[in-house]
Amino acid sequence: MTIGIVIVAAGRGERAGAPEEGPKQYRPIGGRPVIARTLECFLSWPRSGPVVVVTHPDDDGLFAAATAGIANVERVVTTAGGDTRQRSVFEGLRVLSGTDATHVMIHDAARPFCDHALLDRVADALAAGEDGALPLMPVTDTLKRGSAEGLVHETVPRAGLYSAQTPQGFHLASIRAAHEKAAALRRGDFTDDASIAEWAGLAVRMVEGSPDNIKLTLKRDIDLADEKLSRRALPDVRTGNGYDVHQLEPGDGVTLCGVFIPHDQTLKGHSDADVALHALTDALLATCGAGDIGDHFPPSDMQWKGAPSKIFLEHAAKIVREHGGTIMNADVSLIAEAPKIGPHRQAMRENLAAILGISLDRCSVKATTNEKIGFVGRREGIAAIATATVVYRGESR
Ligand code: CTP
Ligand code: MG
């Protein structure tokens, strides 16, 4: 047997609200899109055959972005869904019928907490020759039937009642025939595939569902899932370092951490030669693998001549934020024989805090001489070392 997979992801998620955040299957939980987690579960399952994902035509860009970099994603075929779940599944089954699949497991993209043990239980039932297999969870709440007048009418005994999950497994040709029959008779009101199978007279075996395998339906479900995964994850803390040196020549002063200090020398360089901000720019870029200052501001580019280095640091901070980073602290050590840095440290820290948009206590500037040895000791240049810590959204992986 070959088990093909159909994942339906063409819904609009109206009950999840917040349309500006996009369809629920593309929203991040624990830093990764819902559909990426769902798809990974199937792509990493050794028993899965061809995989068809049914998407909405408006979501091509979202799908590509959400699934970039997933192992084996090149195995996935996508097709456009319809305006009901039933139609979307039907389209997925049509595409899957063109492959070597003999069986199918149909799954909601909005159920990212499926696991291999659950998939195995469904597959084992199919391997045992069942027409269909449905994962179920026994209902635990006491069930009531209400009246139109808002009164409790009766208590429904919950023995023998279950809620249905996905993936639902079937013999491919049988479920496709059942879907075709429903479409021909204009029965478009089925909310899952087991109900179509039952209606068509197929036997559906009950298998044990998973309590974690919930369908994300309301915004609250997505928020809770996000919280659960974020708690479980290790915080994504990253540290970057940077180093820079500029040569000194006769002049009227130096700019360090954006503060101009009158002096009988000046720093040579293309921009204002602020070694401290250059080192810190590199440290920030390093936390998200974004290269170094030269990659973003090539010295060959005339527009940076004499430029205040503040713009380099602002740019690096913007890149960090775009990667989902929050800057936790910035620390700069200046190595200079002269001028004296001490009287300017506070102003320097204030500059860093303003440029990075973080509080003053997260910004540190320190200075040391080089004990009159080496190029710094001979007042031939000034060096700076910087360290930055950034916490990124989502889990470390
Ligand atoms: N689905 C689909 N095509 C549709 C409707 C639903 O492929 N026309 C998919 C959804 O993307 C989801 C699964 O079927 O993965 C379960 O449906 P549901 O939870 O109802 O999702 P939505 O229809 O998107 O949400 P809502 O009903 O709140 O609008
Ligand atoms: Mg729906």
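At what angle do helix H8 and helix H10 pack, and how far apart are their axes? In this predicted model, H8 covers residues 275-286 and H10 covers residues 310-322; the two pack at an angle of about 10 degrees, and their axes sit 9 Å apart. Angles under 35 degrees count as roughly parallel, so H8 runs roughly parallel to H10. On the H8 side, the contact is made by Leu277, His278, Leu280, Thr281, Leu284 and Leu285. Their partners in H10 are Lys310, Phe312, Leu313, Ala316, Ala317, Ile319 and Val320. Sorted by character, the residues of this H8 and H10 contact come out as ten nonpolar, two polar and one charged.

Next comes the ligand. Ligand 1 has 19 residues around it, and the closest are Gly13, Glu14, Arg15, Ser88 and Lys215. Several backbone atoms also come into play. A polar backbone atom of Val8 is 2.8 Å from an oxygen atom of ligand 1, and a polar backbone atom of Ala10 is likewise 2.8 Å from an oxygen atom of the ligand. With Gly82, the ligand atom is a nitrogen: a backbone N or O atom of this glycine lies 2.9 Å from it. As for how much of the ligand is covered, ligand 1 on its own would expose 560 Å², and the protein buries 88% of that.

The backbone has a few quirks of its own, starting with two cis peptide bonds. One of them runs from Thr166 to Pro167, with omega near 10 degrees. Pro167 belongs to the loop that links strand S10 (162-164) and strand S11 (168-171). Another cis bond joins Ala338 to Pro339, and here omega is near 0 degrees. Pro339 is in a loop too, this time between strand S17 (325-335) and helix H11 (345-356).

Ala18 is worth a look as well. This residue is not a glycine, yet its phi is positive, at about 40 degrees. On the chain, Ala18 falls in the loop between strand S1 (3-9) and strand S2 (28-29). Val8, whose backbone was paired above with an oxygen atom of ligand 1, is part of the S1 stretch, residues 3-9.

Conventions:
Residues are numbered from 1 along each chain as its sequence is written. Chains are lettered from A and ligands numbered from 1 in the order in which they are written. This is a predicted model: local features need pLDDT of at least 70, side-chain atom pairs count only at pLDDT 80 or more; totals for chains, interfaces and linings use all residues. Side-chain values use heavy atoms; hydrogens and water are left out. Axes are lines fitted to C-alpha atoms, for helices over the stretch in contact, and angles run from 0 to 180 degrees between N-to-C directions. Helices (H or I, at least four residues) and strands (E, at least two) are DSSP runs, numbered from the N terminus. Angles under 35 degrees count as roughly parallel, over 145 as roughly antiparallel, 65 to 115 as roughly perpendicular and the rest as oblique. Contact means heavy atoms within 4.5 Å. Ala, Val, Leu, Ile, Met, Phe, Trp, Tyr, Cys and Pro count as nonpolar, Asp, Glu, Lys and Arg as charged, and the others, Gly among them, as polar. A residue is near a molecule or strand if one of its heavy atoms lies within 4 Å of it. A polar contact is a pair of N or O atoms within 3.5 Å; within protein, one must be able to donate a hydrogen and the other to accept it, and residues adjacent in sequence count only if both atoms are side-chain atoms. Accessible areas come from the Shrake-Rupley method with a 1.4 Å probe; for residues, only the protein chains shown count as cover.
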